[in-house]
Amino acid sequence: MNNPTIDRALETLFPQQCRLCRLPSSSSLPLCRHCRDALSVNRSACACCALPLDTMRPTARYCPDCLRKAPVFTRISAPYCYEPCMAYLVSQWKYQGDRRLAVLFARLWLDAVADLPDVDLLVSVPLHWSRLLRRGFNQTELLLHELRRASPRIAAIHADPRRLRKRRATSHQVGHDARQRRSNLVGAFTVKQRCDNLRVAVVEDVVTTGATASAVSEVLSDAGAAEVHIWSLARTPSPEH
């Protein structure tokens, strides 16, 4: 749980610099209020896959793909749009090794998600051991840990971050279209233990086409999961927009 007194003391002793504008953040987090307010909130989103919808159709609840065929996952929660500022922060986290950004992302996610679903188990999207060795950490596992540290409700949920396993290395998804991403992930994931009748939340960083969300949801459903919720920080807009 956040402690304002401790936060103020830490800010006095170790002032944070905003990761975006490089000015003092004036808080215990590495993001100033101005830059935080500039992040694009995913307000008009598909109620199932969280795809940002056209703001000209504010009454639309579902995207065409979800209307055409229900996804294997229950729902994606992605409170931010993956726009340039968020993309920069995520890249610093994942590829430049700024692990402390996991604390910021956990706070942003918790502040933005109002309707947290009831779940029985928390897991994270795994990395293949070869990529984990190169990167040195799994960013989704770090985010899961920080969500549990920041929220007593989430801390009370049983967590098994490594129940999912990536059993084969795959090429980077960046630059692939939806079909290529799905093909790239066929047979990539497996589950170490049954999830019979459990409502599972999978912590992810960014949902692009939903290929990873679908792939992990399929193996969890095959392992008996009753529901699979994807807890992601951000969602990319449709390539048509």
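Select Asp118 to start: in this predicted model, Asp118 is partly exposed, at 49% relative accessibility. Now add Arg153 to the selection. The two side chains meet in a salt bridge, with N to O at 2.9 Å. Arg153 is partly exposed as well, at 40% relative accessibility. Zoom out a little to see what this pair ties together: Arg153 sits in helix 8 (residues 152-155), whereas Asp118 belongs to the loop between helix 5 and strand 3, and 35 residues separate them, so the bridge links distant parts of the chain.

**Next stop: Arg75 and Asp115**

Stay with the loop between helix 5 and strand 3 (121-124), and pick Asp115 there. Its salt-bridge partner is Arg75, with the closest N and O atoms 2.8 Å apart. Arg75 lies in strand 1 (residues 75-77), 40 residues from Asp115, and this pair too links distant parts of the chain. Colour both by accessibility and you will find Arg75 partly exposed at 28%, while Asp115 is partly exposed with a relative accessible area of 43%.

**A bridge within one helix**

Move to helix 2 (residues 33-38) and select Arg33 and Asp37. Their side chains form a salt bridge, at 3.6 Å from N to O. How far apart are Arg33 and Asp37 along the helix? They are four residues apart, which means about one helical turn separates them. Both ends of this bridge are exposed: Arg33 has a relative accessible area of 54%, and Asp37 is at 54% relative accessibility.

For one more charged group, select Arg19, Asp98 and Arg100 together; salt bridges link them in a network. If you would like to hunt for others, the whole structure has 13 salt bridges.

**Into the nonpolar core**

Hide the charged side chains and show Met86, Trp93, Phe105, Trp109, Leu122 and Trp231. These touch the most other members of the largest nonpolar core, which has 34 residues. To see where the core comes from, colour helix 4 (84-94), helix 5 (101-112), helix 7 (139-150), strand 7 (199-207) and strand 8 (227-235); each supplies at least two of its residues. Helix 5 gives the largest share, seven residues.

Centre the view on Phe105. Which residues is Phe105 in contact with, leaving aside its neighbours within four places in sequence? They are Met86, Leu89, Val90, Trp93, Leu143 and Leu233. Apart from this core lies another, of 33 residues; to find it, select Leu51, Cys63, Val125 and Leu164, which are among its members.

**Last stop: the cysteines**

Cys63 leads to the final selection, so add Cys66 beside it. The closest cysteine sulfur to that of Cys66 is in Cys63, at 3.6 Å, which is too far for a bond. Cys66 is buried, with a relative accessible area of 13%.

Now jump to Cys21 and show Cys18 with it. What is the distance from Cys21 to the nearest cysteine sulfur, that of Cys18? The distance is 3.7 Å, and Cys21 is in no disulfide. Unlike the buried Cys66, Cys21 is partly exposed, with a relative accessible area of 31%. A disulfide is a covalent bond between the sulfur atoms of two cysteines, and the cut-off used here is a pair of sulfur atoms within 2.5 Å. Across the structure, the number of disulfides is zero.

Terms used
Residues are numbered from 1 along each chain as its sequence is written. This is a predicted model: local features need pLDDT of at least 70, side-chain atom pairs count only at pLDDT 80 or more; totals for chains, interfaces and linings use all residues. Side-chain values use heavy atoms; hydrogens and water are left out. Buried means under 20% relative accessible area, exposed over 50%, partly exposed in between (1.4 Å probe, protein chains only). A nonpolar core is a set of buried Ala, Val, Leu, Ile, Met, Phe, Trp, Tyr and Cys residues joined through side-chain atoms within 4.5 Å. Contact means heavy atoms within 4.5 Å. A salt bridge is a side-chain nitrogen of Lys or Arg within 4 Å of a carboxyl oxygen of Asp or Glu.
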